[in-house]
Amino acid sequence: MTMMVIGEEKLPEGALEVRTLGMTMRFGGFTALDDVSITVPPGTFHALLGENGAGKSTLVKCMMGFYHATTGQMMVGGREAKVPDPRAAHALGLGMVYQHFTLVPSLTAAENLVISRDDTPAIIDWRKEHAALTEFMERMPFAVPLDQPVRALAAGEKQKLEILKQLYLGRRFLILDEPTSVLTPDEADEVLGHVRGLCEKGEISVLMISHKFREVTAFADDVSVLRRGRLVGQGRVADLSHADMANMMIGSDAPVAAMARAGMAGAPVLEVDGVRTRDRSGLKEISIEGLTVRAGEIVGVAASRATVRWN
Ligand code: ADP
Ligand code: MG
């Protein structure tokens, strides 16, 4: 991995330490982020919790240079970092993985990786790129098929590829914004397990926005909680229960109790029987043995990866 240079100073190799100091962001008279200081030590997995509108996206957009914080600073690798735009954040080794995929579905994984670089040549020597990519994949703790169109990959594979892309681009601090929302629980566990493994090996540090306490408890080391733009709690995940984290998120307000179920299911309004088809990619079979939806009913649909069946 190449050394990143800021002025005359070189950043250390491997996972980066990133800190925000008193970060504040005002939109007109509204303070979306109020004096937030967070430290992510190198090689750690830090979760960022908060209700909708708490300021989580605003914080990470300030860190990545999409927004310019009104006041406050960021330190990367122990030095003050100026991030006027996302390109500057990338040059420091900061990268972001989103909830939705940013890959080009019709291109292969290899093509997606090569075109994501800033220095992709106008004429690509695919033999050379392939050799370099194969060598890159061999160094990685997990792999994704390089030669299939991305549209043929399952959601979990796509998210693994998004993470591999960040590593390929030399990023050493990853911000993950609800990275598992379109994954099944098994896929989420696999992806986050790999991310945690990369942290433990000292390759990356991670700041993950999440709403899922289960994932925070299973994979994160530390947690910070935002409420109405303020940092209202911080700690080691091992010391906190789900109830502790929920209390920090919503404050002392009593949680709203779920409404009691009311009414009775009425007559069937939809009946499906013995339907077999392929999904849009043409790669997966969907098979519905029998499904009935009655008036006044809410029907949940769950499915395994390969075949969808209702009984
Ligand atoms: P979260 O990601 O935690 O759901 P956000 O950081 O997106 O929250 O938003 C925090 C608050 O800042 C919200 O009240 C939101 O409406 C406001 N906000 C976010 N971006 C802007 C913007 N560009 N202009 C004005 N207000 C904004
Ligand atoms: Mg958000």
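## A tour of salt bridges and the ligand 1 site

Begin by selecting E157 and K160, whose side chains meet in a salt bridge with an N to O distance of 3.0 Å. Bear in mind throughout that this is a predicted model. With the two residues displayed, colour helix α5, residues 155-168, and both partners will be found within that helix, 3 residues apart, or about one turn of the helix. Are these two residues buried or exposed? E157 counts as buried at 16% relative accessibility, and K160, at 5% relative accessibility, counts as buried too.

Next, select R236 and D222, which form a salt bridge in which the closest N and O atoms are 3.1 Å apart. R236 belongs to strand β12 and D222 to strand β11 (residues 222-227), so this pair ties together parts that are 14 residues apart in sequence. A surface display can be used here to set the two partners side by side: R236 is partly exposed, at 45% relative accessibility, whereas D222 is buried, with a relative accessible area of 11%.

Stay with strand β12, which covers residues 230-236, and move the selection to R230, adding D34 from strand β4, residues 30-40. The side chains of R230 and D34 meet in a salt bridge, at 3.0 Å from N to O. This pair links distant parts of the chain, the two residues being 196 residues apart. R230 has a relative accessible area of 49% and is partly exposed; D34, with 23% relative accessibility, also counts as partly exposed, because the buried class is reserved for values under 20%.

For the last stop among the salt bridges, select R117, D119 and E129 together, since here the side chains to display are three, linked in a network of salt bridges. How many salt bridges are there by this rule? The count comes to 13.

Now turn to ligand 1 and display the residues that surround it, namely F27, F30, A32, E51, N52, G53, A54, G55, K56, S57, T58 and Y67. Colouring this shell by class gives 5 nonpolar, 5 polar and 2 charged residues. Strand β4, already visited for D34, returns at this site, for β4 and α1 (56-63) each supply at least two residues of the shell. Which element gives the most to the shell around ligand 1? It is α1, with 3 residues.

With the shell in view, pick out the individual polar atoms around the ligand. An oxygen atom of ligand 1 lies 2.8 Å from an N or O atom in the side chain of K56, and an oxygen atom of the ligand is 3.1 Å from a polar backbone atom of A54. For Y67, the ligand atom to find is a nitrogen, which is 3.3 Å from an N or O atom in the side chain of that residue. If the protein surface is then switched on, the protein covers 62% of the 560 Å² of accessible area that ligand 1 has on its own.

Finish by following α1 along its length, where 6 of its 8 residues are buried and the helix is thus mostly covered. The buried residues to select are K56, T58, L59, V60, C62 and M63, and of these K56 and T58 are already on display in the shell around ligand 1. Just after α1, centre the view on G65, whose backbone takes a positive phi of about 85°.

Conventions. Residues numbered from 1 in each chain as written. Chains lettered and ligands numbered in written order. Predicted model: local features only at pLDDT ≥ 70, side-chain atom pairs only at ≥ 80, totals over all residues. Heavy atoms only, no water. Salt bridge = Lys/Arg side-chain N within 4 Å of Asp/Glu carboxyl O. Helix = DSSP H or I, 4+ residues; strand = E, 2+ residues; numbered from the N terminus. Buried < 20%, exposed > 50% of the residue type's maximum accessible area, 1.4 Å probe, protein only. Near = heavy atom within 4 Å. Polar contact = N/O pair within 3.5 Å; in protein donor to acceptor, adjacent residues only side chain to side chain. Areas by Shrake-Rupley, 256 points an atom, 1.4 Å probe, with all protein chains shown as cover. Nonpolar A, V, L, I, M, F, W, Y, C, P; charged D, E, K, R; others polar.
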